[in-house]
Amino acid sequence: MRIAVTRVIPDAGLDLLRDAAEVVVWPEPLPPDRDQLVQLAEGADGLLTLLTERVDGDLLDRLPTVKVVSNMAVGYDNIDVEACTARGVAVCTTPDVLTETTADLAFALLMAVARRLVESYDVVRAGGWRTWEPMGFLGPDVHGATLGIVGLGRIGQAVARRARGFAMRILYTNRQREPDLEAKLGVEWRDLDGLLAESDFVSLHVPLTPATRGLIGREQLRRMRPGAILINTARGPIVQTDALLEAVEQGWIWGVGLDVTDPEPLPADHPLLRHPRVLVTPHIASASYQTRARMAELAAQNVLAVLRGETPPRCLNPEVLTRDSA
Ligand code: DGY
């Protein structure tokens with residue numbers, strides 16, 4: 001078996017692969033471009049990819065030996081699943097293992113923006129801490145505020161559990177209502193407009209799909225409260241960046257915490273970064289030692305299972321596996 005891995009990932013995954021297969025790893029810190037990826041993966045049976053690699057029909061046609069694409073991520077908007085299925089290629093992902101860590105970061109961003117942690121630390125570092133200021137660095141309370149969760153999947157639920165610890169009132173919107181979760185988590189359903197109008201904090205937890213691309217634009221931002229904070233740890237293109245810039249500059253909302261952006265990465269001279277109440281982290285929501293090791297391990301288990309003819313732990317198109325064994 002030959003497996004191509006598109007970046008250096010934790011040993012928990014690489015060791016598993018190396019014990020079972022010939023493994024080639026893209027050694028650079030930046031992702032391979034298309035030609036480099038094709039060269040790396042020539043003759044490979046399996047591809048272990050990251051969210052930075054676009055996997056589509058063109059790539060698969062250039063790599064006809066590949067039988068499985070295992071994405072080390074829960075999101076898979078970088079993969080054309082239909083094109084994979086049409087070519088009998090299994091697509092696997094790494095859900096669950098990153099749920100709590102991602103929710104931790106969503107909450108960290110929410111707290112950091114509200115309590116102006118980075119902005120105030122910048123002042124301390126620059127020697128600007130002169131005295132205790134009765135009017136300095138005021139921000140909204142987190143405890144007791146209303147949090148609106150857009151997308152009550154695994155990560156949205158994990159954020160709700162954290163919010164309960166802060167005595168927040170929790171609203172959610174979702175494709176369908178979740179009566180069991182409403183009872184279990186003490187959350188109340190609203191449609192998106194209602195949630196935006198009522199929430200002090202809005203946290204996005206939907207996957208990027210044609211239906212969610214641009215979901216939060218000018219009209220939605222205008223519905224939010226002037227004191228509200230928007231948090232995005234899902235995917236950048238869910239929020240329209242120009243509208244977001246206008247929203248913070250015009251004071252339609254109070255602050256923003258983004259772990260994902262559009263474009264991503266956001267250029268250092270992007271006007272959003274000039275705003276003191278916009279906090280941007282470089283897509284690090286799952287970046288704990290433990291979680292990245294689990295993601296790498298699960299991604300490796302997925303590839304190996306498919307190549308061994310076993311059922312992989314997390315496959316998006318299992319019909320491909322059945323087809324193989326039929
Ligand atoms: C994912 O898994 O989709 C994240 O964005 C990276 O951990």
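**Why these labels fit**

Q: Why does glycine 43 count as partly exposed?
A: In this predicted model, glycine 43 has a relative accessibility of 40%. Buried means under 20% and exposed means over 50%, with partly exposed in between. The value of 40% falls between those two limits, so glycine 43 is partly exposed.

Q: Where does glycine 43 lie?
A: You will find glycine 43 in the loop between helix 2 (34-41) and strand 3 (46-49).

Q: What does glycine 43 touch, not counting residues up to four places away in sequence?
A: The residues touched by glycine 43 are Arg2 and Thr65. Contact here means heavy atoms within 4.5 Å. Threonine 65 is 22 residues from glycine 43 in sequence, with 5.7 Å between their C-alpha atoms.

Q: Why is tryptophan 129 called exposed?
A: Its relative accessible area is 65%. Exposed means over 50%, and 65% passes that cut-off, so tryptophan 129 earns the label. Look for tryptophan 129 in the loop between helix 6 (117-125) and strand 6 (146-150).

Q: Which residues form a nonpolar patch on the surface?
A: Tyr121, Val124 and Trp129 make up this patch, and together they have about 380 Å² of accessible area. A patch needs residues with over 30% relative accessible area; Trp129, at 65%, meets that requirement.

Q: Why does asparagine 78 count as buried?
A: Asparagine 78 has a relative accessibility of 6%. Buried means under 20%, and 6% is under that limit, so asparagine 78 is buried. Asparagine 78 is found in the loop between strand 4 (68-71) and helix 4 (81-86).

Q: What touches asparagine 78, not counting residues up to four places away in sequence?
A: Leu50, Leu51, Glu53, Arg54, Val55 and Asn71 do. Glutamate 53 is 25 residues away from asparagine 78 in sequence, and their C-alpha atoms are 6.4 Å apart.

Q: What is the order of the 7 strands in the open sheet?
A: The order is 8-7-6-9-10-11-12, with parallel pairing. What makes strand 8 (187-189) and strand 12 (278-280) the edge strands is that each pairs on one side only. On average, neighbouring strands of this sheet are turned by 20 degrees against each other, direction ignored.

Q: How do you know that strand 11 and strand 12 pair?
A: Strand 11 (residues 255-258) is joined to strand 12 by 3 bridges. Pairing asks for at least two bridges, and 3 satisfies that, so the two strands pair. They run parallel. Valine 256, for example, has valine 278 in strand 12 as its bridge partner.

Terms used:
Residues numbered from 1 in each chain as written. Predicted model: local features only at pLDDT ≥ 70, side-chain atom pairs only at ≥ 80, totals over all residues. Heavy atoms only, no water. Helix = DSSP H or I, 4+ residues; strand = E, 2+ residues; numbered from the N terminus. Axes fitted to C-alpha atoms, helices over the stretch in contact; angles between N-to-C directions. Patch = residues over 30% accessible without salt bridge, like charges linked within 9 Å, V, L, I, M, F, W, Y side chains within 5 Å. Areas by Shrake-Rupley, 256 points an atom, 1.4 Å probe, with all protein chains shown as cover. Salt bridge = Lys/Arg side-chain N within 4 Å of Asp/Glu carboxyl O. Buried < 20%, exposed > 50% of the residue type's maximum accessible area, 1.4 Å probe, protein only.
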